Amino acid sequence: MPDEPSRAAQYPELGRVTRVLAGREVLFDQEGFFWEAKDWTEDMATILIRESGLADLTEIHWKVLRFFREYYFYHGRAPMNRHLKDGTKLSLQVLESLFPGGIRLGARRLAGLPNPKSCF
Amino acid sequence: MTDGLIYLDNAATSCPKPPAVLEQMLQRYRELGVSPGRGSYDRALQAGDAVERAREQLARFFGAPDPTRVVFAANATDALNLAFHGLLRPGDHVVATQLEHNSVLRPLHTFRERGWIKYDLAPCDGHGFIDPDDIARRIQPNTRLVVVSHASNVLGTIQPISVIGRICTEHGVPLILDTAQSAGTIPVDMVDWHLSAVAFTGHKALFGPTGIGGLVVHPDLDIQASRFGGTGIDSRNLMHTPTFPHRLEAGTLNLLGILGLSAGVEYVLEQGLETIHAHEMRLMQRFRDGLAPLGHIEMYCAESLADHVAVLTLNVNGMNPEDVGAILDADFDIAARVGLHCAPLTHQAVGTYNRGAVRFSPGYFNTTDDIDRAIEALASFSARPHHT
């Protein structure tokens, strides 16, 4: 099987930004989403939440981030809205309020999932 | 909707479709589902007749003089591409508007990037309307066509097409109208409005299925073929059939789509355009008035709902529009469309280019209860503190 094209090759319009995070060089897009979900580590999430203005990730934050990642790596895509609600047992209103930046720019970004390809 | 979802995304596609339309489409396809206009057996002739009747029906619907110039395409984007590829030549100039969908902007931009054409866009004012004089000022000696969206898919504003049509006639420039957001809710009159072509889609307010639309061409407009193939006639000739409608149609037609579109138009005519539009605008008014006192919500170009179709676009202060859409969906069973709605320059005009917005588009089958529940939902979470 040929190698899958990298996200950078698939979506050149998103631009790329390299930064050193938790001692590793990591590629992000211009909105701060990881290019490759596998580059993510818990240490990186901790640094990113502090950059967002929160002192630390609480257990409920970790529950959300872990659900995002487990779902993504099992299904090969991010959870749909209702899966996110059912899987975290949180309303999306609550989830949105937990993370600076909300669901997409907060939780999903901190979980290391790629930038969703919505109508932008 | 039967599953409890409050569907407020009818500007994307109407949902649900009227049961009578779906039943008629399937019933007629069961009866006639052979290749229309391609054989001499009775069923093929009957299928061909059904297609021709649909052309006649659509010509009447759009006030077009010649049903043979009703050309079927996949959707409005496809129809607009037919027009652009068939009309524009190197050195041509086009006038469009800031309110265009990417169905217009992207072909024009691509043609310009290839060095074929130039184009200018007339701006919209702070209320979402185009000043016809701004179009007139942009017409040049080499302007080959003017293309205008009848109703903005972001703001819902209806443009003064009959005035623009007169201006185009005075300048001798064809006017192409994109009716993706208007056909089925407000009347379109090709002759009265001096339109050279009308692009339409079947799956929105005309209640047909996806995958069917078309281009209605005035006899005075000479659009060349840009795709070639079988038409079912004159097969020895290796040149594509020059007569309409075959000139712009290549390959087997989407018979199921045409039957569904025809049933949808019939349904619209039975209900009446005025009835449909009045119902949708009553919902719009209720929605706008219900949201206005809330604060924390910014609505775009909705101060007056005169000359509007049922589209209301807004943002909740302090929240990302994608998150608003996700909350509405998962927590309230409300479907609304977020993002840029494939009309980036419209968002530029209202200052939402960077973050997008949330669009609500009630349809004929929505109720006041749907609207009240959407207002309640937005009220419940828009006022609380947010991180962003």
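# Report on a predicted two-chain model

B:Asp307 is partly exposed, with 15 other C-beta atoms within 10 Å. The classes used here rest on C-beta atoms placed from the backbone: a residue is buried if 20 or more others lie within 10 Å of its own, exposed if 12 or fewer do, and partly exposed in between. This is a predicted model, in which local features need pLDDT of at least 70 and side-chain atom pairs count only at pLDDT 80 or more, while totals for chains, interfaces and linings use all residues. Residues are numbered from 1 along each chain as its sequence is written, and chains are lettered from A and ligands numbered from 1 in the order in which they are written.

## Backbone angles

B:Asp307 sits in the loop between β9 (297-299) and β10 of chain B. Helices (H or I, at least four residues) and strands (E, at least two) are DSSP runs, numbered from the N terminus. Most residues other than glycine have a negative phi, and most peptide bonds are trans. The table lists residues with a positive phi.

| Residue | Phi |
|---|---|
| B:Asp307 | near 55 degrees |
| B:Asp333 | about 60 degrees |
| A:Gly76 | about 80 degrees |

Neither B:Asp307 nor B:Asp333 is a glycine. B:Asp333 lies in the loop between α9 and β11 (334-335) of chain B, and its 16 C-beta neighbours inside 10 Å make it partly exposed. A:Gly76 comes just after α3(A).

Chain B also has cis peptide bonds. One runs from B:Cys15 to B:Pro16, with omega near 0 degrees; B:Pro16 belongs to the loop between β1 (6-7) and α1 (19-32) of chain B. Another joins B:Phe244 and B:Pro245, with omega about 0 degrees, and B:Pro245 is in the loop between β8 (213-217) and α7 (255-271) of chain B.

## Chain B and its domains

Chain B contains 11 helices and 13 strands. Its radius of gyration, taken over C-alpha atoms, is 21 Å, close to the 21 Å from the globule rule (2.2 Å times the number of residues to the power 0.38) for 388 residues, so chain B is as compact as a globular protein of that length. Along the principal axes, the C-alpha atoms of chain B fill a box of roughly 70 × 50 × 35 Å. Of the 388 residues in chain B, 53% are buried.

An automatic or database domain assignment divides chain B into domain 1 (6-17 + 272-382) and domain 2 (19-270). The centres of these domains, taken over C-alpha atoms, are 27 Å apart. Their contact involves 26 residues from domain 1 of chain B and 31 residues from domain 2 of chain B; two residues are in contact if their C-beta atoms, placed from the backbone, lie within 7 Å. On the domain 1 side, α8 (273-291), β10 (312-316) and α10 (344-350) of chain B each supply at least two residues. That side of domain 1 has 13 nonpolar, eight polar and five charged residues. Here Ala, Val, Leu, Ile, Met, Phe, Trp, Tyr, Cys and Pro count as nonpolar, Asp, Glu, Lys and Arg as charged, and the others, Gly among them, as polar.

## Contact between the chains

Chain B and chain A meet through 19 residues from chain B and 19 residues from chain A. On the chain B side, α9 (321-332) and β12 (337-339) each supply at least two residues. α9(B) gives the most to that side, with seven residues. The chain B side divides into eight nonpolar, seven polar and four charged residues.

## Helix α3 of chain A

Helix α3 (residues 59-75) of chain A has 17 residues and should span 24 Å at 1.5 Å a residue (the expected span is 1.5 Å times one less than the number of residues); its end C-alpha atoms are 24 Å apart, which agrees. The buried residues in α3(A) are A:His61, A:Val64, A:Leu65, A:Phe67, A:Phe68 and A:Tyr71. They lie on the same side of α3(A), because they cover an arc of only 155 degrees around the axis, an arc of the directions from the helix axis to the C-beta atoms. Among the elements covering these buried residues are α2 (42-51), α4 (81-88), α5 (92-98) and α6 (102-110) of chain A. The face turned away from the buried side of α3(A) carries the exposed residues A:Glu59, A:Phe73 and A:Tyr74.

A:Ile49 is in helix α2 of chain A and counts as buried, with 21 C-beta neighbours inside 10 Å. Not counting residues up to four places away in sequence, A:Ile49 touches A:Leu54, A:Asp56, A:Leu57 and A:Leu110.
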